[in-house]
Amino acid sequence: MRIKECILDTALIDDIDMMRKLWESLPGLGLGPGDDKTAIISFIRRNPHTCLVLRKDGQIIGTVLGGFDGRRGYVYHLAVRQDYQHNGYGTLLLENVVQALKNEGAGKVHLLVYRNNTSAQSFYTARGWHLRDDINIFSRVSD
Ligand SMILES: CC(C)(COP(=O)(O)OP(=O)(O)OC[C@H]1O[C@@H](n2cnc3c(N)ncnc32)[C@H](O)[C@@H]1OP(=O)(O)O)[C@@H](O)C(=O)NCCC(=O)NCCS
């Protein structure tokens, strides 16, 4: 899909190096061990229709990873290159990943935001997402 001189496309394995470079350039994303190349390859292979990129002139200027676990959808790594922000691309990626997850069967979608990433929280709130105050996230690293 061509939008505002960009192409909205599904992410390919070959895109991963550029995607990771974009993520590393942005504060707020909180990259971890789940973001190494092998993990992202696995994520894209499992979710081939819900990982999206925005392409422009051979570069990737936006990403979002959508994952469907058979019950709920999850959104990770919504990111727009700094010099392209505030042009509606983040909103576009978000709307499209929610639709793509819905197409897979996800009627409800969650996302995680670091508590100190207040600008992303405002961004989501302004787009109809609500902050849950009834759930805590517990994590455990496998042995
Ligand atoms: C969050 C993020 C993806 C938003 O991307 P973006 O492309 O700037 O998003 P948009 O342009 O759709 O919206 C951003 C703001 O620009 C405004 N905007 C949109 N189009 C505009 C235009 N043509 N002219 C001026 N302003 C515009 C929007 O109203 C919005 O303001 P709001 O948040 O007060 O409503 C981006 O800031 C980012 O990559 N942040 C770093 C990574 C991050 O924290 N990601 C979230 C992880 S959970």
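This passage describes the packing of two helices and the surroundings of a ligand in a predicted model.

Helix 1 comprises residues 16-24 and helix 2 comprises residues 37-46. The two elements pack at an angle of about 115°, and their axes lie 11 Å apart. Because angles of 65 to 115 degrees are classed as roughly perpendicular, helix 1 and helix 2 are assigned to that arrangement. Their crossing is right-handed. On the side of helix 1, the contact is formed by Ile16, Asp17, Met19, Arg20 and Trp23. These residues meet Lys37, Ile40, Ile41 and Ile44 of helix 2. Classified by residue type, the contact between helix 1 and helix 2 contains 6 nonpolar and 3 charged residues, with no polar residues.

The ligand is surrounded by 19 residues. Of these, Leu78, His86, Gly88, Thr91 and Asn117 are the closest. Polar contacts to oxygen atoms of the ligand involve both side-chain and backbone atoms of the protein, as the following cases show. From the backbone, a polar atom of Gly90 is placed 2.8 Å from a ligand oxygen atom. Among the side chains, that of Arg127 has a polar atom 3.2 Å from an oxygen atom of the ligand. In the side chain of Gln85, an N or O atom is found 3.4 Å from a ligand oxygen atom.

Conventions. Residues numbered from 1 in each chain as written. Predicted model: local features only at pLDDT ≥ 70, side-chain atom pairs only at ≥ 80, totals over all residues. Heavy atoms only, no water. Axes fitted to C-alpha atoms, helices over the stretch in contact; angles between N-to-C directions. Helix = DSSP H or I, 4+ residues; strand = E, 2+ residues; numbered from the N terminus. Parallel < 35°, antiparallel > 145°, perpendicular 65-115°, else oblique. Left-handed = near helix turned anticlockwise from the far one by under 90°. Contact = heavy atoms within 4.5 Å. Nonpolar A, V, L, I, M, F, W, Y, C, P; charged D, E, K, R; others polar. Near = heavy atom within 4 Å. Polar contact = N/O pair within 3.5 Å; in protein donor to acceptor, adjacent residues only side chain to side chain.
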